[in-house]
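Visitor: I should like a close look at one part of this model, with its surroundings described afterwards. Please define each term at the point where it is used.

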Amino acid sequence: MKQNETCPHCKSSDVKKIGFYTRKRNRRKVQRFLCKACDSSFSSQTNSSTYNQKRPDLNSDVIENISEGVGVRKTAQNLRTSISTVQRKIRVLADVCDKYHKEVLATWKTKKKVSLMFDELDTFEQNRVHKIRIPVIVEEKSYFFIDAFPYDEV
């Protein structure tokens, strides 16, 4: 594993390896560290986006199924897991995407000349009969999604 780990508590890079633990799910060994500055212990998994997830192996499959338009119930059947697990994965992945979007948007605001496009996002609600159009702002060159305007704001 990487030796350049940083402590999630005090952000110090003065850490030492203190062993490892074995995951129950996939029997993978995860390195443990001790921070010399604040005397707290953590693992290489602590700074990961899959921290505290019991089934991180399902993330890519859930993203693939949901982006293809497969419903939550069918996704749970395909992956042989519960509906609540798929819903929880969607919430966690949405939070990760939201965090990434805010980080990119913070750096994007520092650019001087930016061309924007206004577009409409088409989606369906409930039984795929009622079409919903949501106006969105997109950066012209990279197609980076800037913002959306729900109905109550339009």
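Guide: The account below begins with the source of the model, turns to a sheet, and then moves outward from it.

The model is predicted, so that local features need pLDDT of at least 70 and side-chain atom pairs count only at pLDDT 80 or more, while totals for chains, interfaces and linings use all residues. Residues are numbered from 1 along each chain as its sequence is written, and side-chain values use heavy atoms, with hydrogens and water left out.

The protein has three helices and six strands. Both kinds of element are DSSP runs numbered from the N terminus, a helix being H or I over at least four residues and a strand being E over at least two. Along the sequence these elements follow the pattern β-β-β-α-α-α-β-β-β.

The part chosen here is an open sheet of three strands, in the order 1-2-3, with antiparallel pairing. Two strands are taken to pair if DSSP finds at least two bridges between them. Strand 1 (15-22) and strand 3 (41-43) stand at the edges with a single partner strand each, so one side of each has no neighbour in the sheet. On average, neighbouring strands of this sheet are turned by 30° against each other, direction ignored. Such angles are taken between N-to-C directions of lines fitted to C-alpha atoms (for helices, over the stretch in contact) and run from 0 to 180 degrees.

Strand 1 and strand 2 run antiparallel and are joined by seven bridges. In this pairing, Lys16 stands opposite Leu34 of strand 2. The hairpin of these two strands has six residues between them, and there Arg27 takes a positive phi near 60°. Strand 2 (residues 29-35) is joined to strand 3 by three bridges, again with the strands antiparallel. Here Arg32 stands opposite Ser43 of strand 3.

The loop between strand 2 and strand 3 holds Asp39 as well as Ser40. Which of these two residues is buried and which is exposed? Asp39 counts as exposed because its relative accessibility is 60%, whereas Ser40 counts as buried at 16%. The classes rest on relative accessible area: buried is under 20%, exposed is over 50%, and partly exposed lies in between (1.4 Å probe, protein chains only). Asp39 also has a positive phi, about 60°, although it is not a glycine. Most residues other than glycine have a negative phi. Leaving aside residues up to four places away in sequence, Ser40 touches Cys7, His9, Phe33, Leu34 and Cys35; contact here means heavy atoms within 4.5 Å.

The segment before strand 1 includes Lys11. Lys11 is not a glycine, yet its phi is positive at about 65°. Its relative accessible area of 63% makes Lys11 exposed. As for the cysteines, the structure holds zero disulfides, a disulfide being a pair of cysteine sulfur atoms within 2.5 Å. For Cys10, the nearest cysteine sulfur is that of Cys35, 3.5 Å away, and Cys10 is in no disulfide. Cys10 counts as partly exposed, at 34% relative accessibility.

Beyond the sheet, helix 1 (residues 59-67) has Asn59, Val62 and Asn65 buried. These residues cover an arc of only 135° around the axis and therefore lie on the same side of helix 1. The arc is that of the directions from the helix axis to the C-beta atoms. Gly69, with a positive phi near 90°, follows helix 1.

The count of salt bridges comes to two, where a salt bridge is a side-chain nitrogen of Lys or Arg within 4 Å of a carboxyl oxygen of Asp or Glu. In one, the side chains of Asp57 and Arg55 meet at 3.2 Å, N to O; Asp57 is partly exposed at 42% relative accessibility. In another, the closest N and O atoms of Asp98 and Lys102 are 3.3 Å apart. Asp98 and Lys102 are four residues apart in helix 3 (residues 83-108), and so about one helical turn separates them. Asp98 is partly exposed, at 37%, and Lys102 is exposed, at 54%.

For the protein as a whole, buried residues make up 25% of the 154 residues. Of the contacts with a separation of 6 or more, 31% are between residues 24 or more positions apart.
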